[in-house]
Amino acid sequence: MVNRLVVAAPASGSGKTTVATGLMAALRRAGSRVAPFKVGPDYIDPGYHGVATGLPGRNLDPVMVGEQKVASLFAHGSRGTDIAVVEGVMGLFDGRIGTEGLGSTAHVAKLLAAPVLFVVDARGQSRSLAALLHGFRGYDPTVRIGGVILNQVGSERHEQVLRDACAEVGLEVMGVLPRDPAFSLPSRHLGLVTAVEHGPEALAAVDAIADAVAKHVDLDAVRRLAAVAPAMAVPAWNATAEVEAVSGEPVVAIAGGAAFTFGYAEHVELLRAAGADVVIVDPLRDAELPEGTSGLVLPGGFPEQHAEALSHNASLRAAIAALARSGAPVHAECGGLLYLARSLDGVPMCGVLDAEGSMSPRLTLGYRDAVAPSDSVLSRAGERVTGHEFHRTVLTPAQGSQSAWQWRGNDRKPVAEGFAVGGVHASYLHTHPAAIPESVARFVRACASAEVTYEATR
């Protein structure tokens, strides 16, 4: 494994994304090839990591993929780089509710034997910072907190008091970021605006953060901290070893662009390893599916932010509906599920599913231990997967005559969710393909045997 560190914090909102993204960009500017990672199922932060490093942002989630795969996925994503920066999730010890920190930043740091760079929002704090740092460092001594970044510091006097507090507990201050609204990224109902949607402004925002980190953070100290991570001989995850390729290179279209950004890099890698010819289609711009399309993947994203534009592209909506009616495999998650509905917030969508989507004041969030109730293009009946929900929309009805998944809710009552009709598998549940490579292989085999493929009209 390469030199590595984990950027963590006492709680959400402390500035982890700002610091981690700025570190990635500043280290890259200084000549390092930086591997970017994010703990947990988040899709938005990795987009900014990709802007900062020029490499795909990848997720490390022990809940979704199992803790035995985390190190190998890290080795895969960091191959050929000089240093890896892993952005944590929530507070350092916050993991899946009801567990002893499963999937937390601390859990991943231990799996990677990586030191922690601790980001503290210093607003309203002075010497009490020493007690906070002492508590976090002593709570689990096997997690090595090796340095501190002070964020939102108000003045030179404030900085000195905070530095003294860190010295009391023997922790090095590796950077001090002053209060400055320019060091933030735009947000909305599910967190940050995605880097793809933000476009050129995302580049400008990352540049501004990189400038601040380069000016106010000791990059040499950060490199020294990353270098204390011990050498570990871990075989890198390899997509071609996970699946068997079919013949014929069936064309699998994947929705991309600003409306559909929630996907894992390993998904495309597994599709290609399974023999698919993967082609990206942008539902905001492309009028047709790629010639010869025999299967379609519709990942999550923010279609609710682009509903009018998606609806206006009637020719692509019709093409997707025709492909689904033909029985071709269609895999849709969350935003992709909404796109397949009759309508979204009152405007027409693809009409593949007999359901209506709309915004909701309620956030649905959490891991789900799901089971496939029947055979589909993704799974055999009875197969299990751990997935994640994250949305402020609702679909009415929430399921078809045959649901995509079943699980027990927080009240222990059974939940049936999504649609598994013909070749369509559509659900709010996000899954990580590296956890279930056979599901990807099964999908590609179904694409290879599809009797109907899309023919362009032009």
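Helices and strands are DSSP runs, numbered from the N terminus, with at least four residues for a helix and at least two for a strand. The model analysed here is predicted.

The second largest pocket holds about 800 Å³ of space. Its lining comprises 40 residues. Thr261, Phe262, Gly263, Tyr264 and Ala265 are the closest of these to the pocket centre. Several elements each supply at least two residues of this lining. The helices among them are H2 (44–53), H8 (195–198), H12 and H16. The strands are E10 (251–255), E12 (293–298) and E13 (330–333). H2 gives the most, with five residues. By class, the lining of the second largest pocket divides into 25 nonpolar, 13 polar and two charged residues.

Two of the lining helices, H12 and H16, also pack against each other. Packing of two helices is described by the angle between their axes and the distance between the axes. For H12 (residues 265–273) and H16 (residues 437–448), the angle is about 50 degrees and the axes lie 9 Å apart. H12 is therefore oblique to H16. The crossing of the two helices is right-handed. On the H12 side, the contact is made by His267, Leu270 and Leu271. H16 contributes Pro437, Val440, Phe443 and Val444. Six of the residues in this contact are nonpolar and one is polar. None is charged.

Definitions and conventions: Residues are numbered from 1 along each chain as its sequence is written. This is a predicted model: local features need pLDDT of at least 70, side-chain atom pairs count only at pLDDT 80 or more; totals for chains, interfaces and linings use all residues. Side-chain values use heavy atoms; hydrogens and water are left out. Axes are lines fitted to C-alpha atoms, for helices over the stretch in contact, and angles run from 0 to 180 degrees between N-to-C directions. Angles under 35 degrees count as roughly parallel, over 145 as roughly antiparallel, 65 to 115 as roughly perpendicular and the rest as oblique. A crossing is left-handed if the near helix is turned anticlockwise from the far one by less than a right angle, and right-handed if clockwise. Contact means heavy atoms within 4.5 Å. Ala, Val, Leu, Ile, Met, Phe, Trp, Tyr, Cys and Pro count as nonpolar, Asp, Glu, Lys and Arg as charged, and the others, Gly among them, as polar. On a 1 Å grid over the protein atoms alone, a cavity is a set of points where a 1.4 Å probe fits but cannot get out, and a pocket is an open set with protein on both sides within 12 Å along at least five of seven lines; lining residues have an atom within 4 Å of a point. Grid points are joined across faces, edges and corners, and a volume is the space filled by probe spheres set on the points.
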